[in-house]
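Here are some exercises to work through with the coordinates open. Try each task before you read its solution.

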Amino acid sequence: LLESTPSTHPDFEDLSQSLKAVTYIADYVNQGIHEKENRIKVWQVQQKLIPPPPDLVKPHRVYVREGPLLKVCRRSNKTKIFFLFNDVIVYGEKLIGRSLVGYSRTVYLKRVVDIPQMEGNGIAIYGSPKSFIVLAKDKDEKISWLNDLQHCCEIQRTKGMARMKHTTLGGNNKDNNKNNSGEQTEEDLKSEAPLWV
C-alpha cells in the first residue's frame, strides 16, 4: 500500500509509521518464536542424556550443534557425542542400540586452540572444570567445529569483558560475580582447568 501511495498523498506519513510499527511487531514475534524453538531444542538434548544434566535449559543458552568426536584420553582415545551450546559443551557416550547418550560432563567454555600436529585434526578445548583434546574425523569437520567453538568462546569473552567494564565503571565488588538477575554465574565462579595430555 505504501509503495502504491505517492509521497505527496496526505496518508503517506501515517502509512510509513504504520509499516514501521507492524515490522517491529513482526520482528518481535519472530524473535519470540526463535527463542521458543531454541528452548525446545535444548530441552530435547536434555531428554537424550541419561541421566539428564541439571539446569541445561536456561534462558540464555543457545543450541549450536552436535556430533561425534574422538576424545583424547590417557589410556585410549574414545568416541564421544558432543553437544555444543553458546556457553557450554556437553558430552557423553552413545548407548548401544538406543538414540540416548550416557551423560558424562558439562564443561563451561573458556577458549579453544587449533592443534594441527595431532593427526591434523586436533582441537584443544579449555574450560571449567575440565580441559581436553578432541580429534575430528577429517579437515572439513575440524574446521566446522573449530569455527563454532571459537565463535562461542568469543561470545563468552565479550560477555566477561562487559561484566568487568560494568564492575569498574560503577558496580561494586559485592556484585562482581553476579549476572543481571543477581545470581552468581558458574562461569564467574570457575577458572580454566589445565590441559593434561
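A charge sits over a ring if NZ of Lys or CZ of Arg is within 6 Å of the ring centre and within 35 degrees of the ring normal. Before you start: this is a predicted model, where local features need pLDDT of at least 70 and side-chain atom pairs count only at pLDDT 80 or more, while totals for chains, interfaces and linings use all residues. Residues are numbered from 1 along each chain as its sequence is written, and side-chain values use heavy atoms, with hydrogens and water left out.

**Exercise 1. Charges over rings**

Find the ring that K41 lies over, and the ring under the charged end of R65.

Solution. Start with K41: it lies over the face of Y63, at 4.8 Å from the ring centre. Then take R65, whose charged end sits over the ring of W145, 4.3 Å from its centre.

**Exercise 2. K80 and its surroundings**

Work out where K80 lies, whether it is buried or exposed, and what its side chain pairs with.

Solution. Step one is the secondary structure: helices (H or I, at least four residues) and strands (E, at least two) are DSSP runs, numbered from the N terminus. K80 lies in strand β3, residues 78-85.

Step two is burial. Buried means under 20% relative accessible area, exposed over 50%, and partly exposed in between (1.4 Å probe, protein chains only). K80 comes out at 8% relative accessibility, so it counts as buried.

Step three is the partner. A polar contact is a pair of N or O atoms within 3.5 Å; within protein, one must be able to donate a hydrogen and the other to accept it, and residues adjacent in sequence count only if both atoms are side-chain atoms. The side chains of K80 and E93 make such a contact at 2.9 Å.

Step four widens the view to contacts (heavy atoms within 4.5 Å). Leaving out neighbours within four places in sequence, K80 is in contact with residues including G67, L69, Y91 and S104.

**Exercise 3. L69, seen from the other side**

Decide whether L69 is buried or exposed, and find how far its C-alpha is from that of Y91.

Solution. L69 is found in strand β2, residues 63-71. Its relative accessible area is 3%, so it is buried. The C-alpha atoms of L69 and Y91 are 9.6 Å apart in space, with the two positions 22 residues apart in sequence numbering. Not counting residues up to four places away, L69 touches K80, F82, V134 and W145, among others.

**Exercise 4. Strand pairing around β4**

Which strands pair with β4, and over how many bridges?

Solution. Two strands pair if DSSP finds at least two bridges between them. β3 and β4 pass with 4 bridges, in the antiparallel sense; F83 stands opposite V90 in β4. These two strands form a hairpin with 2 residues between them.

Now go on to β5 (residues 101-115): 7 bridges join it to β4, again antiparallel. G92 has Y103 in β5 as its bridge partner. This hairpin has 6 residues between its strands, and G97 in the turn has a positive phi of about 75 degrees. As for cover, 5 of the 7 residues of β4 (88-94) are buried.

**Exercise 5. An aromatic pair**

Classify the ring pair Y91 and F132.

Solution. Rings of Phe, Tyr and Trp (its six-membered ring) pair if their centres lie within 6.5 Å; planes under 30 degrees apart count as stacked, over 60 as edge-to-face and the rest as tilted. The structure holds 4 aromatic pairs. In this one the ring centres are 5.4 Å apart and the planes are at 65 degrees, so Y91 and F132 are edge-to-face. Y91 lies in β4 and F132 in β7 (residues 132-135), so the pair ties together parts that are 41 residues apart in sequence. Both residues are buried, and together with F82 they form one aromatic cluster.

**Exercise 6. Salt bridges**

Find the salt-bridge partners of E66 and D87.

Solution. A salt bridge is a side-chain nitrogen of Lys or Arg within 4 Å of a carboxyl oxygen of Asp or Glu. That rule gives 7 salt bridges. E66 pairs with K41, the closest N and O atoms being 3.8 Å apart. This links E66 in β2 to K41 in helix α1 (residues 12-48). D87 meets R61 at 2.8 Å, N to O, and both of these residues are buried.
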